[in-house]
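Dear colleague,

I am handing over the structure we spoke about, and below it you will find my notes on what turned up when I went through it. Please read them with the structure open beside you.

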Amino acid sequence: KPCSLELGPRNPSWPGPRSRVGSATAFGADMALFCSAARLKRMTRRLDPSKTWQSFRDAKIINPFAEYQWISQPYPEYNMPKVAPDAKPHRSIRAVSHQDEKGWHHVIDAKGRDVGKLAALVSRLLQGKHRADFVANKIVGDSVIVVNAINVFFPGHTWDTKIYRFYRNRFTDPRGPKVITATRLMMINPSIILSRAVKGMLPKNLLRNNWLRKFYCYPGAIHPHWGVPQVYLPVEKRPEVIANAFSIEQPVQPNL
């Protein structure tokens, strides 16, 4: 005969055992509240300039809806090259072309120019794609001289986030490739930023080294090539007294 267990009267104040559905709902609500708090903490941390990966020189308030969260530059303003106070005033004509017995030379001022767009233009000039006698498998391009490479432009925070890899084998250095940012590379050699961009845009074949031999890049505003005009010219002074274009005096009538 089965054993029967008789219980006393039920306590009306006790709500009874919680169902599995109710307990799961309560646990989900608790987890949602915890996740929302953690998400809010992460968002606050992400918008905090002191905890954001950016340049150590300019910690600014982050705008999460902007195209670029912060604007970086390779050097502080006080470390950028300036014009000497005793120098004569000069102006830039942006670009100049010159032809001699060695061919065409194109001198380009890189101040304020975008690195990618300028490298694309230089690669076309080196290959000779602008010439009517262009041949893909021959060296028919022109020589290109770029000055003011220290003033090239990278948009947004590219100076802090763009990296360059210099591969090393196990005989030279077993630690692997050397990875440095664009800011560090600019501090080492200001001309190598544009040089690597041009090299990457040229076709990867046996002609690339020959094309690169005709490319010259200088950080300053003056190039040392003899006989090739400079892109920076002295400002011509206008005459102090400018004659009036209109005269109020009546012309003298000839005696008839």
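D109 and R94 form a salt bridge in this predicted model, with their closest N and O atoms 3.4 Å apart. Because D109 belongs to strand β3 (residues 103-109) while R94 sits in the loop between β1 (90-92) and β2 (95-100), the pair ties together parts that are 15 residues apart in sequence. The two partners can also be described by their accessibility: D109 is buried, with a relative accessible area of 0%, whereas R94 is partly exposed at 37%.

A search of the whole structure finds 5 salt bridges, and two others may be worth opening in your viewer. The side chains of R168 and D173 meet at 3.2 Å, N to O; here R168 is partly exposed, with a relative accessible area of 28%, and D173 counts as buried at 13%. Salt bridges with shared partners also join R131, D133 and D142 into one network. Within that network, the side chains of D133 and R131 come to 3.0 Å, again taken from N to O, and both residues are partly exposed, D133 with a relative accessibility of 40% and R131 with 27%.

Turning to the nonpolar interior, the largest core holds 31 residues, of which V122, V146, I193, L194 and F215 touch the most other members. At least two residues of this core come from each of α2, β4 (143-147), α4 (182-188), α5 (192-201) and β7 (215-217), and α2 gives the most, with 6 residues. If residues up to four places away in sequence are set aside, I193 touches V115, F154, W159, Y164, A182, L185 and M186. Another core lies apart from the largest one and has 7 residues, including V107, I145, V147 and V228.

Finally, a polar residue in helix α2 deserves a mention, namely S123, which lies within residues 115-127 of that helix. Is S123 buried or exposed? Its relative accessibility is 5%, and since the cut-off for buried is under 20%, S123 counts as buried. The side chain of S123 reaches the backbone oxygen of A120 at 2.7 Å, and, leaving aside neighbours within four places in sequence, S123 is in contact with M201 and L202.

With best wishes

Definitions and conventions. Residues are numbered from 1 along each chain as its sequence is written. This is a predicted model: local features need pLDDT of at least 70, side-chain atom pairs count only at pLDDT 80 or more; totals for chains, interfaces and linings use all residues. Side-chain values use heavy atoms; hydrogens and water are left out. Helices (H or I, at least four residues) and strands (E, at least two) are DSSP runs, numbered from the N terminus. Buried means under 20% relative accessible area, exposed over 50%, partly exposed in between (1.4 Å probe, protein chains only). A polar contact is a pair of N or O atoms within 3.5 Å; within protein, one must be able to donate a hydrogen and the other to accept it, and residues adjacent in sequence count only if both atoms are side-chain atoms. Contact means heavy atoms within 4.5 Å. A nonpolar core is a set of buried Ala, Val, Leu, Ile, Met, Phe, Trp, Tyr and Cys residues joined through side-chain atoms within 4.5 Å. A salt bridge is a side-chain nitrogen of Lys or Arg within 4 Å of a carboxyl oxygen of Asp or Glu.
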